[in-house]
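Hi everyone, thanks for coming. Today I'd like to walk you through a structure step by step, and I'll explain the terms as we meet them. Please have a look at it first.

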There are 2 protein chains.
Amino acid sequence: MAALLADTETFTSAQDLHARLREQGEPVGLTTVYRHLQFLADAGELDVVRNDDGENLYRRCGTHQHHHHLVCHTCGRAVEIEGPEIEAWAERVAAAEGFTTITHTLEIYGTCPTCAGPQAADSLRK
Amino acid sequence: MAALLADTETFTSAQDLHARLREQGEPVGLTTVYRHLQFLADAGELDVVRNDDGENLYRRCGTHQHHHHLVCHTCGRAVEIEGPEIEAWAERVAAAEGFTTITHTLEIYGTCPTCAGPQAADSLRK
DNA sequence: ATCGTTGCAAATGTTTTGCATGTCA
DNA sequence: TGACATGCAAAACATTTGCAACGAT
């Protein structure tokens with residue numbers, strides 16, 4: 001059942017996933033979807049990101065290691081990004097201020113080639 | 001009334017601010033606090049950050065320009081950070097994937113010297 | 001009289017939880 | 001039978017909105 005997300009490279013909300021499952025004939029309850037997503041996220045199987053609407057978006061990533069995302073804000077597709085320079089920079093800056101036990105969040109948003117491409121007007125309309 | 005936040009360098013939630021105002025004798029309504037915060041944020045007077053609990057935290061910053069924050073997750077105090085290298089890196093990475101109209105979010109979290117200092121044990125206990 | 005500000009109460013929307021039911025070993 | 005997965009309905013929470021009251025111009 002963890003295979004639910006194995007197919008998509010797009011960040012998906014619990015509500016979305018639930019709706020899609022019902023469409024596919026899986027009569028699964030919303031509660032169950034939430035429980036599974038939370039479990040998988042806790043287990044490090046899924047990456048979680050909170051969008052501006054306060055929704056949690058989930059995605060299965062190729063690596064369990066620390067990484068960031070380049071997310072298309074039109075279609076939601078995300079590319080995994082590694083940024084050793086950034087990690088180092090964050091550590092350095094924080095250390096310079098005397099901070100310890102440092103963590104950080106970083107996401108990049110943009111319009112992906114597919115969404116900007118043929119209908120490039122879309123990216124201008126907004 | 002915008003002066004409500006002029007005093008703190010800490011990210012504050014609407015609920016918090018409301019509670020603090022009541023304590024200070026200002027019998028202001030929660031709705032009003034929300035409305036003012038939203039207005040100020042829209043006007044670019046306040047920086048907004050969403051925490052893990054899904055709360056919006058607000059802070060008055062020294063500059064209206066694009067910058068990031070180094071936030072203490074114990075006391076909430078935040079230091080404004082500039083990172084030209086990061087901006088450039090984000091642009092470069094996104095462009096390399098063909099993304100356009102790029103934006104990004106970046107926050108660094110840690111324990112500030114004051115919170116880690118004398119009672120350094122705190123930062124180990126967690 | 002009128003326009004902008006306020007606050008209460010109710011609505012919204014996501015996520016969580018209580019509890020009763022079904023299932024598999 | 002007994003641990004566990006499920007689902008429904010209700011709760012929790014931050015935030016927003018409808019609407020009527022209030023104040024100053």
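Let's begin where the two chains meet: between chain A and chain B there are 10 residue pairs in polar contact, with both residues at pLDDT 80 or more. A polar contact here is a pair of N or O atoms within 3.5 Å; within protein, one must be able to donate a hydrogen and the other to accept it, and residues adjacent in sequence count only if both atoms are side-chain atoms. Before I go on, some housekeeping: this is a predicted model, where local features need pLDDT of at least 70 and side-chain atom pairs count only at pLDDT 80 or more, while totals for chains, interfaces and linings use all residues. Residues are numbered from 1 along each chain as its sequence is written, chains are lettered from A and ligands numbered from 1 in the order in which they are written, and side-chain values use heavy atoms, with hydrogens and water left out.

Which elements of chain A give two or more residues to the side that touches chain B? They are β4 (68-72), β5 (78-81), α3 (84-96), β6 (100-111) and α4 (113-116). These names come from DSSP runs, numbered from the N terminus: helices are H or I with at least four residues, and strands are E with at least two. The largest share, 12 residues, comes from β6(A). Sorted by type, the residues on this side of chain A are 18 nonpolar, 12 polar and 8 charged. In that sorting, Ala, Val, Leu, Ile, Met, Phe, Trp, Tyr, Cys and Pro count as nonpolar, Asp, Glu, Lys and Arg as charged, and the others, Gly among them, as polar.

Now, how many residues take part on each side? In chain A there are 38, in contact with 38 residues of chain B, where contact means heavy atoms within 4.5 Å. The two chains bury about 3,000 Å² between them, and carbon and sulfur atoms give 65% of that. Buried area is the accessible area (1.4 Å probe) that two parts lose on being put together, summed over both. On the chain A side, A:W89, A:F99 and A:I108 lose the most area to chain B, together 23% of what that side buries. As for salt bridges between chain A and chain B, the count is 0; the term means a side-chain nitrogen of Lys or Arg within 4 Å of a carboxyl oxygen of Asp or Glu.

Let's return to β6. Here β6(A) is joined by 9 bridges to strand β6 (residues 100-111) of chain B, and the two run antiparallel. Two strands pair if DSSP finds at least two bridges between them. You can find A:I108 opposite B:H104, and A:T103 opposite B:Y109. Within chain B, β6(B) also has 4 bridges to strand β4 (residues 68-72), this time running parallel. There, B:C72 stands opposite B:G110.

Next, let's look inside chain A. It is divided into domain 1 (1-64) and domain 2 (65-126), with bounds that come from an automatic or database domain assignment. Their contact takes 10 residues from domain 1 and 13 residues from domain 2. Together the domains bury about 890 Å², 47% of it on carbon and sulfur atoms. In domain 1, A:E9, A:F11 and A:T63 lose the most area to domain 2, together 43% of what that side buries.

How many salt bridges cross this domain interface? The rule finds 2. A:R59 forms a salt bridge with A:E80, with the closest N and O atoms 3.6 Å apart. A:E9 forms a salt bridge with A:R77, at 4.0 Å between the closest N and O atoms. That pair links distant parts of the chain, 68 residues apart: A:E9 is in the segment before β1, and A:R77 is in the loop between β4 and β5. Over all chains, the whole structure has 8 salt bridges.

Last stop: the sheets. In chain A, 3 strands form an open antiparallel sheet in the order β1-β3-β2. Its edge strands are β1 (12-13) and β2 (46-50), each pairing on one side only. Between β1(A) and strand β3 (residues 56-60) there are 2 antiparallel bridges, and A:T12 stands opposite A:Y58.

Chain B also has 3 strands in an open antiparallel sheet, in the order β1-β3-β2. There, β2(B) and strand β3 (residues 56-60) pair in the antiparallel sense over 5 bridges, with B:V49 opposite B:L57. Thanks for listening!
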